[in-house]
Amino acid sequence: MLAAVAGIAVIVVLIMALKLHPFLALILGSFTVGLVAWENVNDVLTSFTATFGTTAAGVGLLIALGAMFAKLLADSGGADQIVDTIVGHASPRMLPWAMALIGAIIGLPMFFEIGLVLLMPVIYLVARRAQVSLIVVGIPALAGLSAMHGLVPPHPGPLLAIENLGADLGTTLALGVLVAIPTVIVAGPLFGRLAGTWVQVEAPSTFDRDEDEQGRRPGFALTLASVLLPVALMVGKAIVDIAIDDPDNGVRRVWDILGNPPIALLIAVVVGIFTLGGGARFSREQISSSLERSLPPIAGIILIVSAGGGFKQVLIDTGIGTVLADWATERNISVILMAWVLAVLIRLATGSATIATITASGLMASLMDGLSSGEVSLVVLAVGAGSVFFSHVNDAGFWLVKEYFGLTVPQTLKSWSLMETVLSVSGLVFTLLLSIVV
């Protein structure tokens, strides 16, 4: 336990105080755990590098494919098409709900930061059209983005938690969507209307777009189908696995291939080349350029996530999982609640949802024995919900929202930070409610 605390403390200090890159902080934190636990340094290195490689091979592939699809979606104008279509059919009263839907749809394939940058022009336009505070329509969109980021694969955090805990991806995806929908409603349109009463911010015209400069875009139905294709394939596999018990059944074997996450995302990218790239009348060179430019920005993310996997394994090697399991058994604490609390504490300390997910899921790995597939997936969701709790000054997302929305630090705390807290607590509540029937 002391080794784990020391390792986490080193990571927190290096990231917060010394502003060291999380990749290096996770490596140094891993060696700290090994040294305090009196483990052989070579054994620590072997454990770290082996798991680093397996994590990069599994999760890294999914992150790369997801980034390629997201870049195609953005460059082709498909994301704009989804946004403009939904907003254009919403009444002023329904705009916050429409923005929550947009945030969730855009958040399915995209990282939070990419989705935020993409949505800001639309958030500004909608706020001016409805003549309401930027918070009223901005918070619902952010809630949709953040919920997808924390709860629904193929985002890096949920993917790594799935791998660490041995959860089924299709089951987790299906349950994640069930939890995300009511969570977004509570933290988005409902809380956004309340937050808009105490934080009044007018939308600037910074991101006004020249419609004449926009080229051809893929149609709404085609774009939406492209976005939902990998989700449908993975959920379809989960449904077939439940409906057909025989693993040698022909239908199940086909779906085992189609619903395999790397295959599902690869299919989405290939289809997206024709539906999104073709819909925007991209040349072969434009499609190639879009795919190529998608990879450099996510290199750091893959390294951080892979290093987090190595750190997790070093933690497990100390035996802390057994200690936590015994402690939880003695006190009869729900593993779902315990997973959420651990993620919350690490999130508050490091400011990183990804590191909170990596560390909390690593600490919980030894407690999964005897749990059903559905129960393990709920633990993944609890970790994801805890990982977004109260974003504050040590979180890069806090400053991103502050600058884009033109807020002061107190205003950001009263809007964005509280929204993240409502999202986290709501996610836990709905996960616990779902555990009653799963």
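How many positive and how many negative side chains does the chain have, and how far apart do the centres of the two sets lie? I looked this up before anything else, and I found 20 positive and 29 negative side chains, with the centres of the two sets 9 Å apart.

**Confidence.** I note early that this is a predicted model, and I therefore checked the scores before reading any local detail, since where pLDDT is low, the predicted coordinates should not be read in detail. The chain averages a pLDDT of 85, and 93% of the residues score at least 70. Over residues 207-213, however, the pLDDT is below 50, and in the model this stretch has 9 contacts beyond near neighbours in sequence.

**Overall form.** I counted the secondary structure next and found 20 helices and 0 strands in the chain. The C-alpha trace spans about 65 × 55 × 45 Å along its principal axes. I then turned to the radius of gyration, which is 21 Å for the chain, and this agrees with the value near 22 Å that a compact globule of 438 residues would have.

**Burial and surface.** Which share of the residues counts as buried? I found that 55% of the 438 residues do. The chain exposes about 17,800 Å², and carbon and sulfur atoms supply 66% of that area. As for contacts between residues at least 6 apart in sequence, I noted that 80% of them join residues at least 24 apart.

**Thr350.** One pair that I looked up lies far apart along the chain: Thr350 and Val12 are separated by 338 residues in sequence, yet their C-alpha atoms are 5.2 Å apart. Thr350 belongs to helix α16, which covers residues 335-350. Is Thr350 buried or exposed? I entered Thr350 as buried, because its relative accessible area is 3% and the cut-off for buried is under 20%.

**Two positive phi angles.** I also looked at two residues that are not glycine and nevertheless have a positive phi, namely Trp38, at about 60 degrees, and Phe390, near 35 degrees. Where is each of them found? Trp38 sits in the loop between α2 (22-36) and α3 (41-75), whereas Phe390 has its place in the loop between α18 (373-386) and α19 (396-405). With a relative accessible area of 80%, Trp38 is exposed, because the limit for that class is over 50%. Phe390, at 27% relative accessibility, counts as partly exposed, since that class lies between the buried and exposed limits.

Technical notes: Residues numbered from 1 in each chain as written. Heavy atoms only, no water. Helix = DSSP H or I, 4+ residues; strand = E, 2+ residues; numbered from the N terminus. Rg over C-alpha atoms; globule rule 2.2 N^0.38 Å. Buried < 20%, exposed > 50% of the residue type's maximum accessible area, 1.4 Å probe, protein only. Contact = heavy atoms within 4.5 Å. Areas by Shrake-Rupley, 256 points an atom, 1.4 Å probe, with all protein chains shown as cover. Lys, Arg positive; Asp, Glu negative; His and termini not counted. Charge placed at Lys NZ, Arg CZ, Asp CG, Glu CD. pLDDT = per-residue confidence, 0-100.
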